[in-house]
Amino acid sequence: MPLKNTSIVSGAQTKFGYLDGISQREMFAEAVDKATVEVGIPKKDIQAAFVGTFIPEMLIHQGHSAPLLLDFAGLRGLPATRHEAACASGATALRAAVMAIESGFYDTVLVAGSEKMTSVSTNRATEALAAAADDMFESSMGLTFPGVFAIAAVAHMEKYGTSPEDLALAAVKAHKNASTNPLAQFQKEITLEKAMTPRYIAWPLRLFDCSPISDGAAAIVLTSKEKAKQYTDTPVDVVGTGQASASMNLCDREDFTSFEASVSASKTAYKMAGLGPKDMDFAVVHDCFTIAEIIASEDIGFFKPGEGAKALRDGVTALDGDKPINPMGGLKAVGHPVGATGVKQAVVVYRELIGEAGANQVAKHDTGFMHNFGGTGASCVVNIFRRSDA
Ligand SMILES: CC(C)(COP(=O)(O)OP(=O)(O)OC[C@H]1O[C@@H](n2cnc3c(N)ncnc32)[C@H](O)[C@@H]1OP(=O)(O)O)[C@@H](O)C(=O)NCCC(=O)NCCS
């Protein structure tokens, strides 16, 4: 059934990065204020909140996040529910909010995601993140996410001839795009040589093949199409959404060169929107590692299996290419505070579609695509957004 009732009317994020001295609740409140009162949307109009955060219990010893964060953001009393799907927590919160508006249950809701990751050591953060893998067969045996995506990189290299240089090119593109994004963790371009020099984190992935450990928050306001014009002249409609899951245990996967939940969620969203990959002007995909962007560009149907690296080499996915991917820098260079990421991706698509992406503006911006997955792609949410006047 096509979606017909939900619009995004605002979206904002905090700066991502190592935000020393700023707590999760402060970041969350900042993002909420930027997406509401600072753009003329009164907080009293918000009827419910959908909150994404992955694992604050291990990172800051804080559970029961939704009411706590809402209270701090000046929204005490609202129905507030936390959504957790590892790195896809933000997008699952968003999808639940879309369904709530589509059903007519609410008119106007807040979706907000956040994570405070840098208050613990990298080792501790790695251990916390590993909870998104299958503990019985993977994390308890020492497998970490860099290790998991290294397996995917090796498989892609063996099957399609993707090279370490291709991976590095994804990092170069991410850092280039992020260099003009003032909210990015890394605002510095890197050369191909620099990308291929640092230490291995998990062979063949080097430092620059990994997204960093980050703090940050993002928020959007969704409302019914009928009410959208009250808040903005440029609403963006949610025209398709898809969600799928896959086996957590990698031993049950047939193939490491593709993530079946990404393929399945994309197909569902395209079908719902009545659109296909050729209709998408650009995409924001879950590039937690460089190989993840290459695989995602194939799984979402932009390129045939095995042709993602070539598209990257040929500049097709560059900011000024035919199919820009991660035009503001992606997780790799903007940062990846996991619970915030899916919401931030929606913020990026929204800003691109309304023509407010500044130096990172894509040329064609009627329809945009977002892809957010959790763990090793065991959860995936895809959304397709279109400017109401397009
Ligand atoms: C790659 C990783 C291990 C590096 O952590 P680390 O070894 O503790 O690195 P540090 O924080 O000490 O940083 C060392 C330097 O590298 C830089 N750096 C850290 N991570 C980086 C990254 N991912 N990309 C580029 N530079 C990075 C830091 O800014 C710092 O630079 P400086 O010396 O100029 O200040 C860590 O970022 C990581 O685990 N990333 C993966 C996160 C993840 O798995 N997320 C979930 C995905 S599903």
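This is a short tour of a predicted model, going from the whole chain to the ligand and then to two points in the backbone.

**Whole chain.** Start with the chain as a cartoon. Its secondary structure amounts to 14 helices and 11 strands. Show the C-alpha atoms and turn the view along the principal axes: these atoms fill a box of roughly 55 × 45 × 40 Å. The radius of gyration is 19 Å, which agrees with the value near 21 Å for a compact globule of 390 residues.

**The ligand and its pocket.** Select the ligand next and add a surface to the protein. The ligand takes up the space of the largest pocket. Now show the residues around the ligand. There are 17 of them, and the closest are Thr122, Arg199, Cys210, Ser211 and Lys332. What kinds of residue make up this shell? Colour the shell by residue type to see 12 nonpolar, 3 polar and 2 charged residues.

**Polar contacts of the ligand.** Keep the ligand as sticks and go through three of the closest residues, Cys210, Ser211 and Lys332.

- Cys210: pick the backbone, where an N or O atom lies 2.7 Å from a nitrogen atom of the ligand.
- Ser211: stay on the backbone, since a polar atom there is 2.8 Å from a nitrogen atom of the ligand.
- Lys332: switch to the side chain, in which an N or O atom is 3.1 Å from a nitrogen atom of the ligand.

With the contacts still on screen, consider the ligand's surface. Taken alone, the ligand exposes 910 Å², and the protein buries 65% of that area.

**Trp203 and Pro204.** Leave the ligand and select these two residues with their backbone atoms. The peptide bond joining Trp203 and Pro204 is cis, with omega at about 5°. Where in the fold is Pro204 found? Pro204 is in the loop between β5 (200-202) and β6 (205-206). Most peptide bonds are trans.

**His64.** The last stop is another loop. Select α2 (56-59) and α3 (65-72), then the loop between them, which holds His64. Check the backbone angles of His64: phi is near 50°, a positive value in a residue other than glycine. Most residues other than glycine have a negative phi.

Methods. Residues numbered from 1 in each chain as written. Predicted model: local features only at pLDDT ≥ 70, side-chain atom pairs only at ≥ 80, totals over all residues. Heavy atoms only, no water. Near = heavy atom within 4 Å. Polar contact = N/O pair within 3.5 Å; in protein donor to acceptor, adjacent residues only side chain to side chain. Areas by Shrake-Rupley, 256 points an atom, 1.4 Å probe, with all protein chains shown as cover. 1 Å grid on protein atoms, 1.4 Å probe; cavity = no way out; pocket = protein on both sides within 12 Å on 5 of 7 lines; lining within 4 Å. Sits in = over half its atoms within 2 Å of the grid points. Nonpolar A, V, L, I, M, F, W, Y, C, P; charged D, E, K, R; others polar. Helix = DSSP H or I, 4+ residues; strand = E, 2+ residues; numbered from the N terminus. Rg over C-alpha atoms; globule rule 2.2 N^0.38 Å.
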